[in-house]
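Here's a walk through a two-part question: what sits inside this model, and how do its pieces meet? Have the viewer open as you read.

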Amino acid sequence: MTMPRARITGTGSYLPEKRVTNHDLARMVETSDAWIRERTGIVERRMAAEGETTSDLATQAARNALEAADLKVGDLDLILTATTTPDLIFPSTATIVQHKLGGSTSRMPAFDIQAVCSGFIYALSIADQFIRTRACQRVLVIGAETLSRILDWNDRGTCILFGDGAGAVVLEADKDGKRGILSTHLHADGSQADLLYTSGGVSKGNLGTIRMLGNEVFKQAVRALEGSVDECLEANGLTKEQIDWLVPHQANIRIIQNTARRLGMPMERVAVTVERHGNTSAASVPLALDEVVRAGRIQPGHRVLMVAFGGGFTWGSALVRW
Ligand code: ACO
């Protein structure tokens, strides 16, 4: 019997209305539009309104993905939400989303994944395992963040980088096993947590804000993403020319360009949203994916490589045959 593959049958996303431009930030910290554009590629990012939570963004993105897949929440067997900025310590954002979608009577399991900017790739990999082992037929995977809540608005090295948003995909078991997730590869290295972390947490007794040694993280991100590309190609016995699309984590345009170069991929085949979204952590890959899918640019049969790197450090890839 062929093993089922997890096929993406619907994508969705949601961005809060409020835009924060580089010029807005230049009124708050000592920075400039020119510096931010040149060093990061970011022009603006979105910010959740007061009272708007991660689960609000996640629910909207999930609704859009379910609609695209032509499914109802009751059809789902599992909901996974990747987030670093949950509404509450508990219940998980995934269970809050389940209820907001009207799915609580169906009682499907729902839980959160925390792997910072790699969270969506981690969640996708977990969903893939549930589908391949036939434990689930249909899984909703969401990446959603309100990073604006954990920024130090006096630290120009971090507050210019991040934004809020959500993206989601619906995965369904593809019985003939031809289309869907071909492989996922996950990694973590906790030894350099002092380069990228939050200055507080529940058991530390204060919420804290993002702290980062940007240029060191930059070097590590470039190296890890290059390794992820090579690892995925080797595992699937593919050459770079056989990859049709790159959907990378959106942290910095220079990191994205470097990963594209590693693949010999022209930038027209790279999903880029960093200029409009900034770094939305776990939401960035599904947000970028939804954009290129809805534009009709990804076609059936295309091989789509998603890669991410983030706090932990965590990093990884997922290769999908569309
Ligand atoms: N405006 C103006 N100047 C600034 C700003 C700013 N917003 N921020 C830093 N500077 C200054 C620094 O103080 C420094 O000044 P100095 O030379 O006088 O000391 C100078 O600019 C250069 O600073 P660097 O940190 O070396 O700048 P760099 O070119 O590395 O860019 C950046 C910084 C954009 C943060 C970059 O390093 C980066 O993108 N890093 C990777 C981020 C990333 O991938 N994170 C992983 C995911 S995030 C997550 O998981 C939560």
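## Inside and between the domains

Helix H9 (residues 284–294) is largely enclosed by the rest of the structure, because eight of its eleven residues are buried. Here buried means under 20% relative accessible area, exposed means over 50%, and partly exposed is in between, all with a 1.4 Å probe and protein chains only. Helices (H or I, at least four residues) and strands (E, at least two) are DSSP runs, numbered from the N terminus. The buried set in H9 is Ser284, Val285, Pro286, Leu287, Ala288, Leu289, Asp290 and Val292. After H9 comes glycine 296, with a positive phi near 75 degrees.

A word on the ground rules: this is a predicted model, where local features need pLDDT of at least 70 and side-chain atom pairs count only at pLDDT 80 or more, while totals for chains, interfaces and linings use all residues. Residues are numbered from 1 along each chain as its sequence is written, and side-chain values use heavy atoms, with hydrogens and water left out.

Two of the residues in H9 also turn up around glutamine 250. That glutamine sits in the loop between strand E11 (245–248) and helix H7 (253–263), and it counts as buried at 0% relative accessibility. Contact means heavy atoms within 4.5 Å. Leaving aside neighbours within four places in sequence, glutamine 250 is in contact with Ile256, Ala271, Val272, Thr273, Val274, Gly278, Asn279, Ser284 and Ala288. A polar atom of its side chain lies 2.9 Å from the backbone oxygen of alanine 271.

Now over to helix H2, where you'll find isoleucine 36. Is isoleucine 36 buried or exposed? It counts as buried, at 0% relative accessibility. Not counting residues up to four places away in sequence, isoleucine 36 touches Asn22, Thr31, Gly41, Ile42, Arg45 and Ile160. If you want a long ruler, isoleucine 36 and leucine 233 are 197 residues apart in sequence and 33 Å apart in space, C-alpha to C-alpha.

Next, how do the domains meet? The domain assignment gives domain 1 (5–174) and domain 2 (180–321); such bounds come from an automatic or database domain assignment. Their centres, taken over C-alpha atoms, are separated by 15 Å. Domain 1 puts 57 residues into the contact and domain 2 puts in 49 residues.

About 3,900 Å² is buried between domain 1 and domain 2, with carbon and sulfur atoms giving 63% of that area. Buried area is the accessible area (1.4 Å probe) that two parts lose on being put together, summed over both. On the domain 1 side, Cys117, Ile121 and Ile150 lose the most area to domain 2, together 16% of what that side buries.

How many salt bridges are counted between domain 1 and domain 2? The count is one salt bridge, the term being a side-chain nitrogen of Lys or Arg within 4 Å of a carboxyl oxygen of Asp or Glu. Arginine 211 forms a salt bridge with aspartate 152, with 3.4 Å between the closest N and O atoms. Polar contacts across the interface come to 26 residue pairs, both residues at pLDDT 80 or more. A polar contact is a pair of N or O atoms within 3.5 Å; within protein, one must be able to donate a hydrogen and the other to accept it, and residues adjacent in sequence count only if both atoms are side-chain atoms.

Among the elements that give two or more residues to the side of domain 1 that touches domain 2 are strand E1 (5–14), helix H3 (54–69) and helix H5 (119–132). H5 gives the largest share of that side, nine residues.

Finally, some backbone oddities. Two are cis peptide bonds and two are positive phi values in residues other than glycine.

| Site | Backbone value | Place |
|---|---|---|
| Phenylalanine 90 to proline 91 | cis, omega about 0 degrees | proline 91: loop between strand E4 (78–82) and helix H4 (93–100) |
| Glycine 312 to phenylalanine 313 | cis, omega near -10 degrees | phenylalanine 313: loop between strand E12 (303–310) and strand E13 (314–321) |
| Valine 116 | phi about 50 degrees | loop between strand E5 (110–113) and H5 |
| Serine 281 | phi near 50 degrees | loop between helix H8 (274–277) and H9 |

Valine 116 is partly exposed, with a relative accessible area of 22%, whereas serine 281 is buried at 2%.
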